[in-house]
Amino acid sequence: MRYMKLRVGDAAWVELDANQIKSKPITLYDGPIESMLKNDLGILEATTRLYGQVWTGGPQVVIRYYEAHPPESEKVPICAVARLSENQLRKRPESLPGTAILDFSISGVNIVDSFR
């Protein structure tokens, strides 16, 4: 992470689903996700794609990112999570099992040192 000038706690904004940019509401499904940075995060520039995993089992969505693909560059491993601040990842009550309907298409993403 140091190579990419990233430290634990560094943060940026992310479009949660690259296929639903600026949509309201959006629906996420259990499984893989492709997100897109809205602003720079260390040397990862805006529009970098983040790849990770979504879990929708609880009252809010959990998203862990394990890989970044900057424009015109190779994929690199990362350790980051989407954050629940301002209820961005809270599921709407009508969400069916295995899905999460969210009011917002964006969330904060934070660099972490491991997944817990």
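Guide: A quick definition before we start: exposed means over 50% relative accessible area, buried means under 20%, and partly exposed is in between. Keep in mind that this is a predicted model.

Visitor: Okay, let's try that out. Is arginine 7 buried or exposed?
Guide: Look at the relative accessibility of arginine 7, which is 59%. The cut-off for exposed is over 50%. Since 59% is past that mark, arginine 7 counts as exposed.

Visitor: And its salt-bridge partner, aspartate 10: buried or exposed?
Guide: Arginine 7 and aspartate 10 pair up with their closest N and O atoms 3.7 Å apart. The relative accessibility of aspartate 10 is 17%, and the buried class takes anything under 20%. So aspartate 10 counts as buried.

Visitor: How many salt bridges turn up in the whole structure?
Guide: The arginine 7 and aspartate 10 pair is a salt bridge, and so is the pair of arginine 92 and aspartate 103. A search of the whole structure puts the total at 5.

Visitor: Which residue does glutamate 15 meet in a salt bridge?
Guide: The contact is 3.7 Å, N to O. It links distant parts of the chain, with glutamate 15 in strand β1 and its partner 23 residues away in the loop between β3 and β4. Glutamate 15 is buried at 2% relative accessibility, while the partner is partly exposed at 41%. That partner is lysine 38.

Visitor: What about arginine 92 and aspartate 103: how many residues apart in sequence are the parts they tie together?
Guide: Their closest N and O atoms are 3.1 Å apart. Arginine 92 lies in the loop between β6 and β7, and aspartate 103 in the loop between β7 and β8, so the pair ties together parts whose separation in sequence is 11 residues.

Visitor: Arg92 and Asp103 are linked in a network of salt bridges; which residue is linked in it with them?
Guide: Both ends of the 3.1 Å pair are partly exposed, with arginine 92 at 27% and aspartate 103 at 39%. The network also takes in Glu94.

Visitor: Over to the strands. In β6, which residue is the bridge partner of arginine 64?
Guide: Strand β5 covers residues 62-69, and it pairs with β6 in the antiparallel sense over 4 bridges. Strand β6 spans residues 76-82, and 5 of its 7 residues are buried. Facing arginine 64 as its bridge partner is valine 81.

Visitor: Which residue in β8 stands opposite alanine 80?
Guide: β6 is also joined to strand β8, residues 106-111, by 3 bridges, and those two run antiparallel. The β8 residue opposite alanine 80 is isoleucine 111.

Visitor: In the hairpin of β5 and β6, which residue takes a positive phi?
Guide: This hairpin has 6 residues between the strands. The positive phi, near 55°, belongs to glutamate 72.

Visitor: How far apart in space are glycine 98 and glycine 57, C-alpha to C-alpha?
Guide: Glycine 98 is in the loop between β6 and β7, and it touches Leu28, Tyr29, Asp30 and Thr56, leaving aside residues up to four places away in sequence. Glycine 57 is 41 residues from glycine 98 in sequence, yet the C-alpha to C-alpha gap is 6.8 Å.

Visitor: Last one: how many residues has the largest nonpolar core?
Guide: Those with the most contacts inside it are Leu16, Leu28, Ile63, Tyr65 and Val109. Among the elements giving two or more residues to this core are β5, β6 and β8. Its residue count is 24.

Conventions:
Residues are numbered from 1 along each chain as its sequence is written. This is a predicted model: local features need pLDDT of at least 70, side-chain atom pairs count only at pLDDT 80 or more; totals for chains, interfaces and linings use all residues. Side-chain values use heavy atoms; hydrogens and water are left out. Buried means under 20% relative accessible area, exposed over 50%, partly exposed in between (1.4 Å probe, protein chains only). Two strands pair if DSSP finds at least two bridges between them. Contact means heavy atoms within 4.5 Å. A nonpolar core is a set of buried Ala, Val, Leu, Ile, Met, Phe, Trp, Tyr and Cys residues joined through side-chain atoms within 4.5 Å. A salt bridge is a side-chain nitrogen of Lys or Arg within 4 Å of a carboxyl oxygen of Asp or Glu.
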